[in-house]
Amino acid sequence: MSELPNIVFFGSDAICLPVLNYLKHEAVGECVLRAVVSQPDRRQGRGKKLQSNPVAAWATEHGIELLQPEKPTRELADWMVEQHTAVALVMAYGHFLQQSLREAAQYGMLNFHGSLLPQYRGASPVETALASGDAETGVGLMQVVKEMDAGGVADFEKVRIGEQDTGPELRVKVGEAVVPLLRRNLAAMLAGELQFKQQDISLVTYCRKMRKEDGAVDFTLPAVAIYNRLRAFTPWPGGYFDHGEVRIKIGRASVEIDGSASAEPGTVLSTSPAVRVATGAGVLCCHELQRPGARMLPVADFLCGYTLTEGDRLIGGTAQPLVRKEP
């Protein structure tokens, strides 16, 4: 067995891949990635074939021991102790981790959380920052405790949110930001010398999981707010509205902040070169649309096979808050 400190990594999402690559290829003289713990393979897609998640697939490809318990248990904690685990790292794993697991590593269990805590504790911090119109977000290196995302924070790496970033693009940035964060903290982490600052309870906010109905566009919101939510909800749940009995999805969009929109929210103002729709403030310009059973098309092509006219009313939904003060 190597004399270098062992790390066990818990994760299931592609956002973890940059830090896994760092641990495997760049931190070879400082530590050993002993194992990866990930969600079990699930049946997905139309054929319901059994598929590995991105982290499990990475571990298999790189010859790292892969553990995929349906639920992490005391047996896994005992195994980590037997392996002389120095640190356990977690990011986007998807399971509650009980006390025995949190204490199984010599220097504890640490989490990479995709927000500037204490803001956006919870399930969707990256998408919530984007939907909220924030100019920046980040990733924090924090202690894992019983209460969700409540541990002390050792360090942050900030990430700028681009004006046209979508959810997947921002997740890539946040995933990449973990690497410099870990690089400058790894030595102290492996020596048990990290210093943690407790979160300011008065500033804590929580974000929830996204739901399918979040994709229903609320045209009473300002156009900028709709645009931010559309970017955050790419690719799921997306953005859509109803035109009569037809549900239409929105692809690429933009905003006219100073556009003339004296009409009721949801009213089509014009259809060329984009479908311009009145909102609570400003105009939402839809450059790509998709009807059921078809593919996403530029508006000019979409309108060759579907009729939208000036004055038509588009029906969306009522936007539900993404952020709250209480868990």
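**Notebook: a strand, a tyrosine and an arginine**

**Entry 1: the whole protein.** I began with contacts between residues at least 6 apart in sequence, and 69% of them join residues at least 24 apart. I am noting straight away that this is a predicted model. I counted up the secondary structure next and got 8 helices and 20 strands. For the dimensions, I found that the C-alpha atoms fill a box of roughly 70 × 50 × 30 Å along the principal axes. The protein has 327 residues, and 50% of them count as buried. I also looked up the accessible surface, which is about 16,000 Å², with 50% of it belonging to carbon and sulfur atoms. Last came the charges: there are 34 positive and 38 negative ones, and their mean positions are 4 Å apart.

**Entry 2: strand β12.** Is strand β12 largely enclosed or open? I went through residues 239–243 and found that 5 of the 5 are buried, so β12 is largely enclosed by the rest of the structure. I then checked the two faces. Gly239, Phe241 and His243 are on one side, Tyr240 and Asp242 are on the other, and all are buried.

Which strand does β12 join through bridges? I found β13, residues 246–250, which runs antiparallel to β12 and is joined to it by 5 bridges. The two strands form a hairpin with 2 residues between them. In that turn I met glycine 244, which has a positive phi of about 65°.

**Entry 3: tyrosine 240.** I picked this residue from strand β12. Its relative accessible area is 12%, and buried means under 20%, so tyrosine 240 is buried. Across the hairpin, tyrosine 240 stands opposite lysine 249 in β13. Leaving out residues up to four places away in sequence, I listed what tyrosine 240 touches: the list includes Arg247, Ile248 and Lys249, as well as Lys212, Glu213 and Gly215. I also checked methionine 148, which is 92 residues from tyrosine 240 along the chain; their C-alpha atoms are separated by 32 Å.

**Entry 4: arginine 208.** Where does arginine 208 lie? I located it in the loop between β11 (206–207) and α7 (223–232). Is it buried or exposed? Arginine 208 counts as buried, at 12% relative accessibility.

I looked for its polar partners next. The side chains of arginine 208 and aspartate 214 are joined by a polar contact of 2.9 Å. A polar atom of the arginine 208 side chain also lies 3.0 Å from the backbone oxygen of proline 321. Beyond four places in sequence, the contacts of arginine 208 include Ala123, Ser124, Gln320, Leu322 and Arg324.

Technical notes
Residues are numbered from 1 along each chain as its sequence is written. This is a predicted model: local features need pLDDT of at least 70, side-chain atom pairs count only at pLDDT 80 or more; totals for chains, interfaces and linings use all residues. Side-chain values use heavy atoms; hydrogens and water are left out. Buried means under 20% relative accessible area, exposed over 50%, partly exposed in between (1.4 Å probe, protein chains only). Helices (H or I, at least four residues) and strands (E, at least two) are DSSP runs, numbered from the N terminus. Two strands pair if DSSP finds at least two bridges between them. Contact means heavy atoms within 4.5 Å. Accessible areas come from the Shrake-Rupley method with a 1.4 Å probe; for residues, only the protein chains shown count as cover. Lys and Arg count as positive and Asp and Glu as negative; His and the chain ends are not counted. The place of a charge is taken as NZ of Lys, CZ of Arg, CG of Asp or CD of Glu. A polar contact is a pair of N or O atoms within 3.5 Å; within protein, one must be able to donate a hydrogen and the other to accept it, and residues adjacent in sequence count only if both atoms are side-chain atoms.
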